[in-house]
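Reader: I keep meeting words like "buried" and "edge-to-face". Could you show me how they are earned?

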Amino acid sequence: MKGRLNSLKRLNPDAPAIKKLEEELFLLAYEIQENIRKELTDRELQLKAVECVKNNPKYFFSYAKRFSKLKSNIGPLRDTKSGILHHDPQTMADILQTQYSSVFSDPGNPKKRNTLDNNSEPSETISGIEFSEEDIISAIDEIDPESATSDGDIPAKILKFCKRPLSHALFKLWKCSYEVGKIPQVYKEQFITPVYKKGNKTEPANYRPVSLTSHVIKVFERIIRKNLVDFLEKNNLFSSKQHGFRKGRSCLTQLLQHMDFLFQNYLDNSETDVIYLDYAKAFDKVDHSILLEKIKAYGIEGKVYTWIEQFLCGRTQTVIVDGKKSVTLPVLSGVPQGTVLGPILFLLYVNDLETKIKNSKMSSFADDTRISKKISTQEDCDLLQQDLENVIVWSEENNMQLHEDKFELICYRTPSAKILAETLPFMAEVANYTTPNGTTIDRSPLVRDLGVNMSEDLSWTPHINIMVDKARQISSWVLGVFRDRSKPVMLQLYSVAQNQN
C-alpha cells in the first residue's frame, strides 16, 4: 500500500485517491498496533504474569528476561594461566571452580591467632538443646516455597506440602545426627551457580558464586540457630556495634545511629572523619580453627559445639555450568554460604573486632564496617590512624584479607573548616590516613553507605538525584515489559523491581 501511495504521489500528485490511500494506511497501522497491544496483554493474562510476580517477586526477572535483547549467559571464559578462551561448559565450570577455590584463606598462615581473650571461663554455657517434631514443622514453615535447593534435594514446595508426613523421619534423622555428632556427607556438599556481575564477561572473577545447599539440613540449622541466638542475646554476647543478621537491627538502625553521630558533631561545630573498610571475600576467608576457638570461648560446648564443628569441616563444593559439573574440591575456609547458620557464625568470628577500636566509633553491618572519629585537633586524626592500624593488625591475625586500596575516606567539614581548607593549601594533608603498606586513603566527596549516598556537605541532593535516575530506569524497565497500566499493578511491579534490583 505504501508502494502504491508513493507511486501515485510521484506520477499524479493531485490525484483524489491519495487522500483515501493515506486514510487506509493510517487505519491499517493503527489496527496493527492495537493487535500487538492486545497480543501482549493476552499473553500477560494467559501466563498470569502479574499474579505470579505478586506471589513470587523473583518471577519478575524470569519474565522480563524474555524481552531482553542482552543475554547474560556464562562465558566464554579465559583461562588465567594460558589466556585461552573456552566455550565448553565443562571446562568453564572447572575454570570457575579454580577461581572460587583461590579465595580460601591459608590454614597454615603463621601470623594467625585467636584475638579473643578466652583466658576467663564464660559465665554461661550452652551444651545441649531439646527439640521435637513440632520444632521440625516450625522450621519447615520458615522455608520460602520458591527458594532453590541443591542438586537432587527435595524441592521446597514438596517439603512444605508434605511437612506432616516427613516431620517424623526428619526428626529421627537429625536427632541421631545431633546425638552422635555426625552429619551425612551428602548434606555437606554445596553446589555453586555462577551469576554474572559486571565487567568483562570473559573474566572468571566477574561471576558471583551463588551457593545452593540442601533444605533438609537447613531445617535442623534453623533449630540450632534459634537456640544459639537465644543464648547469645540473653547473655549480651553479641557486639552492640553489629547491626547485621540480628532481630530488631538492620541497615536502617545502623544508618540512623551514624547520622545522629554526624549531626551531633556538626551542631557542636566539630568535624567528623569516616573511614570505610573493604574486606576481600570476608565470608570465604573465615578460618575454621580460629572460629571454633572463638565459639568455645563464648560458652558453646558439648554436643552443640561438636555438631557445629562437623557442620564446618569436611565440606565440598562443585560448580555447575549449563548442567555440567566441575571437579569437586574441599572447602578450606569460610562460613558456608547459602546456609542458615553461616551468618551467625560469621558474626561470632568478627564479634571481637570492636575491642581493638580504642579511640573511635565503630559500626558494622555484617562485613561492611566503618570507623568514625570526631575531629577537633591533630591528635584526633592520629588516634583515628591508630585505630585503623589496629583493625589491619586484627585482620592479619584472624587470617582475613583487606582491600586496603579500596578503603574510602569522607571528611564532614564545618563551614569554617571548608573556608580554612580552601585558604591554606596544606590543610588537606592534615587529615591524611595511610595503611601499613603505604597506601594513602583517597578522600571522596561522596560515598555509598548501605544504599545511601553520603555527601561530605551532609546534603541529600546527590542522593536524591541518583535515586531519581534509578527510578527512571526501573520505570522504563517495567513499562517496557508489562502492558497493564492500572495503578495497583504499576505500584506492585515497581516495588518488586526496586527491591530485587
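What follows is a chat about the terms used for this structure.

Author: First, some ground rules: this is a predicted model, where local features need pLDDT of at least 70, side-chain atom pairs count only at pLDDT 80 or more, and totals for chains, interfaces and linings use all residues. Residues are numbered from 1 along each chain as its sequence is written, and side-chain values use heavy atoms, with hydrogens and water left out.

Reader: What makes Tyr-178 and Phe-220 an aromatic pair, and why is it called edge-to-face?

Author: Rings of Phe, Tyr and Trp (its six-membered ring) pair if their centres lie within 6.5 Å; planes under 30 degrees apart are stacked, over 60 edge-to-face, and the rest tilted. Here the centres are 6.3 Å apart and the planes make 65°, so the pair passes on both counts. Tyr-178 sits in helix H8 (residues 163-180) and Phe-220 in helix H9 (residues 215-234), so the pair ties together parts that are 42 residues apart in sequence. The structure holds 12 aromatic pairs. Tyr-178 and Phe-220 also belong to one aromatic cluster, together with Phe-131, Phe-171, Trp-174, Tyr-187, Trp-307 and Phe-311.

Reader: How do you know that Tyr-178 is buried?

Author: Buried means under 20% relative accessible area, exposed means over 50%, and partly exposed is in between (1.4 Å probe, protein chains only). Tyr-178 has 3%, so it counts as buried. Phe-220, with 0%, is buried too. Of the protein's 501 residues, 42% count as buried.

Reader: What makes S5 largely enclosed by the rest of the structure?

Author: Six of its six residues are buried, so S5 earns that description. Glu-271, Asp-273 and Ile-275 point one way from the strand, while Thr-272, Val-274 and Tyr-276 point the other way.

Reader: How do you know that S5 pairs with S10 and with S11?

Author: Strands (E, at least two residues) and helices (H or I, at least four) are DSSP runs, numbered from the N terminus. Two strands pair if DSSP finds at least two bridges between them. Six bridges join S5 to S10, and five join S5 to S11, so both cases meet the rule. Thr-272 shows it nicely: its bridge partner in S10 is Lys-374, and in S11 it is Tyr-412.

Reader: Why are S9 and S11 said to stand at the edges?

Author: The open sheet has four strands in the order S9-S10-S5-S11, with antiparallel pairing. S9 (361-365) and S11 (408-412) each have a single partner strand, so one side of each is left without a neighbour in the sheet. For S9, five bridges lead to S10 (residues 368-375), and one of the partnerships joins Phe-365 to Asp-368.

Reader: What makes helix H10 a helix that packs on the sheet?

Author: Contact means heavy atoms within 4.5 Å. H10 (residues 251-267) touches S5 (271-276), S9, S10 and S11. The direction of H10 makes about 15° with that of S10, whereas helix H15 (residues 378-397) lies across S5 and S10 and runs at about 160° to S10. Those angles run from 0 to 180 degrees between N-to-C directions, using lines fitted to C-alpha atoms, for helices over the stretch in contact.

Reader: And how do you know that the length of H5 is close to the one expected?

Author: The expected span is 1.5 Å times one less than the number of residues. H5 (residues 89-101) has 13 residues and reaches 18 Å from its first C-alpha to its last, against 18 Å expected, so the description fits.
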